Amino acid sequence: MSRATYMLKRLVLSIPVIIFGTTVTFAIIRLGPLSPAAAILGPQGDARAIQQIEQRLGLNDPLWEQYFDFMGNLFLFDLGQSWVINSGTPAVDLIISYAPRTIWLGFWAVVIAIGIGIPLGFYAGLNPNTFSDYFASFGGIVWRAMPNFWLAVILVTVLSQSEQLFGFSWTSFIVETNVVTSPNLAVLRNPTRLITDPGQAWTNLAKATKQILPPALVLGSASMGTEMRIGRTAVLETINSKYVETAKAKGVSPRVLVWKHIFRNALIPLVPVITAEAFILIGGSVLVETVFSINGIGLLFVKAAKQGDLPLVGTLMYLFILLIVGLNIVQDFAYTIIDPRVGYDA
Amino acid sequence: MMETEPTEDIDQPLRDRLKAHPGPALLWGAVLCVLLLLEGPTYLDGLLGAIGYGLALLPGSPGAEAFASASAFFGELPHLLSRELIPNRGYYDGSAWQGTFLGLEPKYAWLIRFLLVYAYVAVLLGWLWYGYVLFRRHYRAADWTPTDDVIDRLRSHYWGLFGLAVVVFFITMAAFAPVIGPTTAEENIEGPYSYDMQYYNEDTETVENITIGEANLGSASRGSGDSNVGIWSYDDFGRFHPVGTLVSGKDLFTFLAFGARVSLFIGLGSMAIAGVIATTLALVTAYYKGVADLIVVLTSDSVQAMPALLLVILATVVFKNHWIAELYNGAMLFILLFALIRWPGLWRAVRGPALQVGEQEWVDAAKSYGQRPTVIMRKHMAPYILGYLLVYASLTLGGVIISVSALSFIGLGITAPTPEWGRAINIGQQYVASQSWHISLIPGLLITLVVTGFNALSDGIRDAIDPQSEGAEGGAAGAAAGGGGG
């Protein structure tokens with residue numbers, strides 16, 4: 001099977017997966033004990049208003065009609081509108097205005113996790129069974145077991161009171177920022193300002209970056225621990241393989257040995273870990289955004305769920321499912337390139 | 001095997017072997033009975049109470065009351081680990097402590113009871129282990145089985161033993177929650193205004209009565225000023241708080257112990273259901289392969305493509321006023337949700353071993369003998385994959401505990417007044433840098449410890465059942481613990 005057929009098969013197989021997830025979402029929202037109309041209006045909603053909303057959402061249609069409407073609209077990206085959070089606003093607009101902050105957060109979470117986790121893991125793997133290896137390994141294990149939201153709570157406190165606690169003020173470090181706030185990403189929407197108005201624009205960018213670092217560190221924490229562990233074992237396994245021994249025997253310098261023969265091969269098992277991060281990021285962003293009150297998709301989801309904006313929740317759910325399925329395909333594709341030995345008979 | 005005396009018949013059933021040489025078994029059984037009797041009333045109370053609770057849910061609640069009253073009867077009987085035997089509540093009358101165990105200070109009285117609970121559990125577990133050793137020495141037909149090697153490997157796996165110790169600590173805390181805390185959830189957390197207590201008023205130099213609710217107002221931990229009861233300290237009413245109080249003045253240790261109960265209940269319950277689903281599907285797909293396998297692969301992929309935490313949030317909201325969410329304050333709903341969401345992970349973990357064992361000659365042999373497929377799966381395949389299931393279930397359980405506390409942190413799921421660790425973290429959020437830091441920090445540390453413990457236990461079992469796998473852990477398994485999204 002060629003790579004193209006493999007990818008095609010992969011794409012076709014992802015269709016039932018998407019249909020399944022969306023159907024479950026439909027079932028929970030439309031067949032669950034809480035009717036969307038009652039959820040939108042809350043317990044005090046009067047009967048006429050409920051009827052009106054039921055009319056507009058089509059809740060009185062036969063179930064199969066509701067189902068095909070629901071699925072059809074989502075697949076055609078007719079994502080409906082918000083009812084409670086920002087009544088009457090199309091869901092697309094809401095998502096477009098909330099998404100950039102989540103993407104910014106996710107980007108830095110991945111970068112930090114990779115930037116710290118992999119080097120630490122490789123270092124531990126190159127110096128196995130030393131004190132620093134044990135320290136890093138144990139740290140990684142505990143770090144991974146820590147609940148994200150708790151870590152976030154601690155970090156918020158430590159950073160916002162760093163002046164009193166350590167005599168070092170995080171809030172006024174380099175640029176003045178608050179700890180618990182949404183980063184202002186206006187400058188990224190309009191990158192030309194980095195040249196036309198450098199002073200202001202670069203300060204804003206620095207602020208946005210500095211604000212996102214603590215939540216990104218928390219969000220990336222679990223994956224960082226995992227990357228460290230897998231990185232360590234990957235290096236250990238590579239070091240003991242025959243071709244490294246051969247390279248050593250023919251006199252390859254230690255530097256070339258490490259960079260060319262060990263690291264590149266040790267990266268292979270890390271690929272699924274890095275893409276698997278996406279799942280953790282999607283769930284974790286909900287909590288981290290809540291603690292750091294970042295106005296992102298995760299916070300939007302919690303707000304929508306808590307306030308009974310079920311149509312919006314359904315839409316967000318659908319987008320998350322698409323995202324996860326998409327990332328899975330990207331991961332498999334990356335695999336076929338990095339490690340051609342991977343079988344196509346999935 | 002060569003050393004077995006030729007006269008001994010390997011096929012002799014265990015009962016005959018016990019009859020032939022009853023000494024050690026009788027002694028062991030007698031001591032076990034004594035150990036169980038010491039706490040007998042508690043076990044019966046718990047068992048009958050649970051049955052009564054289950055019956056009360058059925059339409060017409062047949063016999064629920066009989067069980068409830070029987071449970072209450074056993075609850076009254078004296079036993080070793082009870083608040084009545086070693087009371088830690090009392091008041092200082094100016095010269096000595098009244099009402100506490102042997103007139104000791106409340107903290108020592110509580111500490112004695114706390115340590116006694118753990119000593120009891122340690123002795124009980126030690127005795128069960130000794131029973132296994134006896135069985136191996138005197139009653140087992142074979143001198144050696146592969147399980148022996150697994151157990152020996154686990155015994156020398158210190159990281160795994162650490163995990164086991166943490167898990168035992170956690171389970172004991174949950175199981176003995178009513179005894180282990182300095183006070184009970186009923187008195188201190190659920191209905192503080194329905195119970196009275198006595199304390200010594202220093203100004204009037206008299207012993208006065210006060211409801212626990214009012215006393216709690218005076219023992220609140222609010223960060224600033226005098227209003228703080230930190231770890232290992234007394235409040236103004238002579239009550240001892242091992243890890244301080246909550247913002248509401250309720251005892252944090254009691255809160256944590258009962259919170260452990262909820263977490264453990266959800267964790268074990270969901271893993272049990274998910275484990276049964278995963279094992280059944282793994283056996284069926286490994287035996288029949290083909291279409292059955294494809295269907296399960298697609299279903300599990302689909303379930304895994306749903307954002308788990310978000311799905312749980314959505315379901316919690318939708319089922320908020322449904323009767324399912326009333327069972328144990330929402331714990332039952334969580335068990336079902338996590339079971340439905342987490343089985344694909346478990347199934348993936350045991351699928352490989354199941355396929356492997358399906359290829360074995362003994363399975364072919366059983367087939368050609370004409371054994372029924374269900375029997376083959378149960379007898380010849382299931383034992384092989386259970387170890388792997390345990391490894392992954394232990395790992396996933398940590399993730400479930402984190403997820404549950406994460407949800408109660410954002411105010412969903414387990415509802416007040418039922419204690420949940422995540423809610424304590426939420427309550428103490430703004431006091432982390434103040435003198436009342438214990439409210440948030442201690443539950444968080446406890447979650448970290450317990451989750452690390454379950455992960456370590458899982459590492460230990462994995463290395464024990466499959467020594468070759470050392471270090472070859474897959475990315476999927478590694479991501480599971482953090483995969484709770486918490």
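**Exercise 1.** Determine how many residues of chain B are in contact with chain A, and how much area is buried between the two chains.

*Solution.* With contact taken as heavy atoms within 4.5 Å, 54 residues of chain B touch 53 residues of chain A in this predicted model. Next comes buried area, which is the accessible area (1.4 Å probe) that two parts lose on being put together, summed over both; between chain B and chain A it is about 4500 Å², with carbon and sulfur atoms giving 79%. Finally, Leu310(B), Leu314(B) and Val318(B) supply 14% of the area that chain B buries against chain A, more than any other three residues.

As conventions, the model is predicted, so local features need pLDDT of at least 70 and side-chain atom pairs count only at pLDDT 80 or more, while totals for chains, interfaces and linings use all residues. Residues are numbered from 1 along each chain as its sequence is written, chains are lettered from A and ligands numbered from 1 in the order in which they are written, and side-chain values use heavy atoms, with hydrogens and water left out.

**Exercise 2.** For residues 74–96 and 267–292 of chain A, establish the helix content and the distance between the end C-alpha atoms.

*Solution.* Both spans are among those that an unreviewed UniProt entry annotates as "transmembrane region", in the numbering used here and with the caution that annotations may be inferred rather than shown by experiment. Helices (H or I, at least four residues) and strands (E, at least two) are DSSP runs. Residues 74–96 of chain A are 35% helix and 0% strand, with end C-alpha atoms 16 Å apart. Residues 267–292 of chain A are 85% helix and 0% strand, and there the end C-alpha atoms lie 33 Å apart.
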